[in-house]
Amino acid sequence: MKKFNMKNVTLATWVRTALLAVALLNQLLSILGINPLPFSDAMVEQFVTFMFTAVTAVIAFWKNQSFTKAAQSADEQMKMVKTKKKQGDYR
């Protein structure tokens, strides 16, 4: 049997493991007819809708939104510079 190396376990691994344990516990309690979370379906729906809107807003804000010809031309110039840098042709 292999030994577990607990020293090098990342935070992401611990978070995923904890979330899996919570999900499994929630599922078991739901099967047993116990409502483990004090949220109504409407509250969950509102939260999911809000999160979708918030994530979409952040992505739209973060990304470069080029509507003008000047901005689109600058985007093309930027792509050419990035391509040349990857190829080693740009200083």
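Me: Which element of the chain has the lowest mean pLDDT, and which the highest?
Reply: Among the elements of the chain, H3 has the lowest mean pLDDT, at 89, and H1 the highest, at 91. pLDDT is the predictor's confidence in each residue, from 0 to 100. The elements are DSSP runs numbered from the N terminus: helices are H or I with at least four residues, strands are E with at least two.

Me: And the chain, what is its mean pLDDT?
Reply: The mean is 86, and 97% of the residues reach 70 or more. This is a predicted model, where local features need pLDDT of at least 70 and side-chain atom pairs count only at pLDDT 80 or more, while totals for chains, interfaces and linings use all residues. Residues are numbered from 1 along each chain as its sequence is written, and side-chain values use heavy atoms, with hydrogens and water left out.

Me: Back to H1. How many residues, and what does it reach from end to end?
Reply: H1 covers residues 11-31, which is 21 residues, and reaches 30 Å from its first C-alpha to its last. That is close to the 30 Å expected at 1.5 Å a residue. The expected span is 1.5 Å times one less than the number of residues.

Me: What about H3?
Reply: H3 runs over residues 69-87, with 19 residues, and its first and last C-alpha atoms are 27 Å apart, close to the expected 27 Å.

Me: Which residue just after H3 takes a positive phi?
Reply: Gly88, at about 85°. H1 is followed by Gly33, whose phi is also positive, near 85°.

Me: How many salt bridges does a search of the whole structure find?
Reply: One. The side chains of Lys79 and Glu76 meet at 3.8 Å, N to O. The criterion is a side-chain nitrogen of Lys or Arg within 4 Å of a carboxyl oxygen of Asp or Glu.

Me: How are Lys79 and Glu76 placed in H3?
Reply: They are three residues apart in the helix, so about one helical turn separates them. An α-helix has 3.6 residues a turn, so residues three or four places apart point the same way.

Me: Is Lys79 buried, exposed or partly exposed?
Reply: Lys79 is partly exposed, at 48% relative accessibility, and Glu76 is partly exposed too, at 46%. Buried means under 20% relative accessible area, exposed over 50%, partly exposed in between (1.4 Å probe, protein chains only).

Me: New topic. Which residues make the nonpolar surface patch?
Reply: Leu37, Phe39, Met43, Val44, Phe47, Val48, Phe50, Met51, Val55 and Ile59 make a patch of about 950 Å². Patch residues have over 30% relative accessible area and no salt bridge; nonpolar side chains (Val, Leu, Ile, Met, Phe, Trp, Tyr) are joined within 5 Å, like charges within 9 Å. The areas come from the Shrake-Rupley method with a 1.4 Å probe, and for residues only the protein chains shown count as cover.

Me: Where is Phe50 found?
Reply: Phe50 is in helix H2, residues 41-62. Phe50 counts as exposed, at 52% relative accessibility.

Me: And Ser66, where is its place?
Reply: Ser66 sits in the loop between H2 and H3. Ser66 is buried, with a relative accessible area of 17%.

Me: Which side chain does Ser66 contact?
Reply: That of Asp75, through a polar contact of 2.4 Å. A polar contact is a pair of N or O atoms within 3.5 Å; within protein, one must be able to donate a hydrogen and the other to accept it, and residues adjacent in sequence count only if both atoms are side-chain atoms.
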